[in-house]
Amino acid sequence: MDSKMGNFFDSIGSFFSGGDKIPWCDRDVILECEKEVKTATEGDSEDQKKESIMRLSWALVHSRQAEDIQRGIAMLEASLASSSPPLQDREKIYLLAVGYYRTGDYSRSRQLVERCLEVQPDWRQALALKKTIEDKIAKDGVIGIGVTATAVGLIAGGIAAALARKK
């Protein structure tokens with residue numbers, strides 16, 4: 001019984017805290033990735049440069065800072081313009097979906113996840129992100145309905161109070 005109550009309160013807490021399972025990235029990790037990109041640009045192979053840029057893109061879209069996320073999105077969109085193998089594009093599209101999720105553009109994020117799943121329908125990471133997006137959209141809808149119902153109740157109560165005063 002106690003474990004059921006614990007699970008119940010955990011689910012309520014996660015509902016209000018937005019408890020998604022997408023990891024966050026700290027600023028120091030981003031700085032290390034930027035150093036890695038700079039080093040790779042100065043002399044490493046083209047493949048090493050692309051890998052370090054992908055790691056930086058991952059770090060940026062997982063940042064808590066909106067400007068980092070936007071920078072990651074821009075880098076990923078620019079890199080998608082060049083032709084890559086479908087598996088690499090899938091990774092970039094997934095990271096774009098994470099970035100758009102972090103910025104609150106859930107419809108764009110869901111479109112991108114669907115593109116990932118077209119390439120690999122059983123990709124668990126993309127399936128988990130899709131569920132996270134859908135849960136967030138549903139939660140926002142429930143909160144929106146609650147706010148609307150509260151507003152209607154307050155207006156109706158105000159009208160009723162005004163009519164009661166007139167009598």
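**Exercise 1. Place leucine 163 and find its surface partners.**

Solution. Leucine 163 sits in helix α7, residues 124–166. Helices here are DSSP runs of H or I with at least four residues, numbered from the N terminus. The model is predicted: local features need pLDDT of at least 70, side-chain atom pairs count only at pLDDT 80 or more, and totals for chains, interfaces and linings use all residues. Residues are numbered from 1 along each chain as its sequence is written, and side-chain values use heavy atoms, with hydrogens and water left out.

Next, the partners. Leu163 joins Ile155 and Ile159 in a nonpolar surface patch. Together they have about 310 Å² of accessible area. Accessible areas come from the Shrake-Rupley method with a 1.4 Å probe, and for residues only the protein chains shown count as cover. Patch members have over 30% relative accessible area and no salt bridge; nonpolar side chains (Val, Leu, Ile, Met, Phe, Trp, Tyr) are joined within 5 Å, like charges within 9 Å.

**Exercise 2. Work through salt bridges that involve helix α2.**

Solution. Start with the total: the structure holds seven salt bridges. The criterion is a side-chain nitrogen of Lys or Arg within 4 Å of a carboxyl oxygen of Asp or Glu.

Step one: glutamate 32 and lysine 35. Their side chains meet at 3.5 Å, N to O. Both residues belong to helix α2 (residues 27–43) and stand three residues apart, about one turn of the helix. Glutamate 32 is partly exposed at 48% relative accessible area. On this scale, buried is under 20%, exposed is over 50%, and partly exposed lies in between (1.4 Å probe, protein chains only).

Step two: arginine 71 and glutamate 34. This salt bridge spans 2.6 Å, N to O. Arginine 71 is in helix α4 (residues 66–81) and glutamate 34 is in helix α2, so the pair ties together parts 37 residues apart in sequence. Arginine 71 is partly exposed at 32%. Glutamate 34 is also partly exposed, at 23%.

Step three: glutamate 36 and arginine 55. The closest N and O atoms of this salt bridge are 2.3 Å apart. Glutamate 36 lies in helix α2 and arginine 55 in helix α3 (residues 46–61), so the pair ties together parts 19 residues apart in sequence. Glutamate 36 has a relative accessible area of 26% and is partly exposed. Arginine 55, at 34%, is partly exposed.

**Exercise 3. Describe the surroundings of glutamate 91.**

Solution. Glutamate 91 is in helix α5, residues 86–103. Its relative accessible area is 29%, partly exposed. Look for contacts, meaning heavy atoms within 4.5 Å. Not counting residues up to four places away in sequence, glutamate 91 touches Met54 and Trp123. Now take tryptophan 58, 33 residues from glutamate 91 along the chain: the two C-alpha atoms are separated by 9.6 Å.

**Exercise 4. Decide whether serine 109 is buried or exposed, and list its contacts.**

Solution. Serine 109 belongs to helix α6, residues 106–119. Its relative accessible area is 0%, so serine 109 is buried. Leave aside neighbours within four places in sequence. Serine 109 then contacts Ala97, Tyr100, Tyr101 and Ile133.

How values were computed. Helices (H or I, at least four residues) and strands (E, at least two) are DSSP runs, numbered from the N terminus.
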